[in-house]
Number of protein chains: 2
Amino acid sequence: MKEEVNTSLPETERNRLKHALKCRNLRPTRQRTCVYGVILEKRDHPTADDIHLRVRKKLPSISLATIYNCLDTLVECELVKQVHLDRAPTRFCPNRTPHAHFHCRDSGKVYDVSLDDERLSAIEQFLPHGFTADTIELSFLGRGPVTNTIS
Amino acid sequence: MKEEVNTSLPETERNRLKHALKCRNLRPTRQRTCVYGVILEKRDHPTADDIHLRVRKKLPSISLATIYNCLDTLVECELVKQVHLDRAPTRFCPNRTPHAHFHCRDSGKVYDVSLDDERLSAIEQFLPHGFTADTIELSFLGRGPVTNTIS
DNA sequence: GAACAAAATTAGAATAATTCTATTTATTTC
DNA sequence: GAAATAAATAGAATTATTCTAATTTTGTTC
């Protein structure tokens, strides 16, 4: 039995997802759509576990294994990027434009740092002859701008 | 009882370690010395587990927890860097000069990609105003130079 | 639209990485 | 050399991720 569940993914993104999946002979299942929706909804670099908690509000029976499956598919489709910081669980990011990440030691927050074409190609040129990269990950660890505190 | 074990760390590195530890009021224990020695010996970006196996040849009773403790200390002392690739265990690298990492999809090998001052400061300038980073991690995922294969 | 094949999901177990806790051992300081 | 502190230890605990085998869903063919 197929229940209709609103996985509330805006038209543009839904089409982007459908298209990217179709190119690879994969199906836009409810689970994949919903996982993608949740990642787009709150762009705070959630872990698989965070995503599981959020998706369960819409698809209460979804398992963590499926979350990982869906995420792997989305990464394959280049709709989502993985972020590897510290000895911490992998985080996921739907920002498809070239960008780096900044991880604040104080707040734990992760910020996107956008990279224009010039910067991106500068980085690509770091590679010695014979090496080609399909994925570049750049991350900073430090302190972000001082936020107001009660002092 | 103190057994003398040769942890075979060359003079220069031994001094570097001693100095870095002293600055932070930490002690150059046999375990720390040996872990550092092993990391310097074979610069293949080993995991904590790899390091455990290697150190045990010299200090057979050392525990994995101590390996992690020592590694954390060495990272704190800026003698060792952590490398975070994929959803894989953290690797450790004794290259103290600025460099990026290249991870080969085919062989799984990790290469250091050295960064001169110019490149490093170019990267630092990516950060928006108000952000300061003490650690920068840049990694590439792709294919390395083709090695000879039996075809 | 029934029947089959292929793809995807599922629960839960298994594995593996890392951290924690409580105890023991070693080192420094007085 | 005793007290105080730091570090190491074993092993348990926790957590992240993967795997397995069974079930459900989807797509295709007749």
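What is the volume of the largest cavity? I will come to that after a word on the model itself.

This is a predicted model, in which local features need pLDDT of at least 70 and side-chain atom pairs count only at pLDDT 80 or more, while totals for chains, interfaces and linings use all residues. Residues are numbered from 1 along each chain as its sequence is written, chains are lettered from A and ligands numbered from 1 in the order in which they are written, and side-chain values use heavy atoms, with hydrogens and water left out.

Chain A is superposed on chain B by a rotation of 180° with 0.0 Å of shift along its axis, at an RMSD of 0.0 Å (a least-squares fit on the C-alpha atoms of residues with pLDDT of at least 70 in both). The two copies are thus related as by a two-fold rotation axis, and in chain A the C-alpha nearest that axis belongs to L138(A), 2.2 Å from it.

Now to the cavity, meaning a set of points on a 1 Å grid over the protein atoms alone where a 1.4 Å probe fits but cannot get out, with lining residues having an atom within 4 Å of a point. The largest cavity has a volume of about 40 Å³, a volume being the space filled by probe spheres set on the points, which are joined across faces, edges and corners.

Its lining consists of H84(A), E137(A), L138(A), S139(A), H84(B), E137(B) and S139(B), and β5(A) gives the largest share, three residues, where strands are DSSP runs of E, at least two residues, numbered from the N terminus.

Methods
1 Å grid on protein atoms, 1.4 Å probe; cavity = no way out; pocket = protein on both sides within 12 Å on 5 of 7 lines; lining within 4 Å. Helix = DSSP H or I, 4+ residues; strand = E, 2+ residues; numbered from the N terminus.
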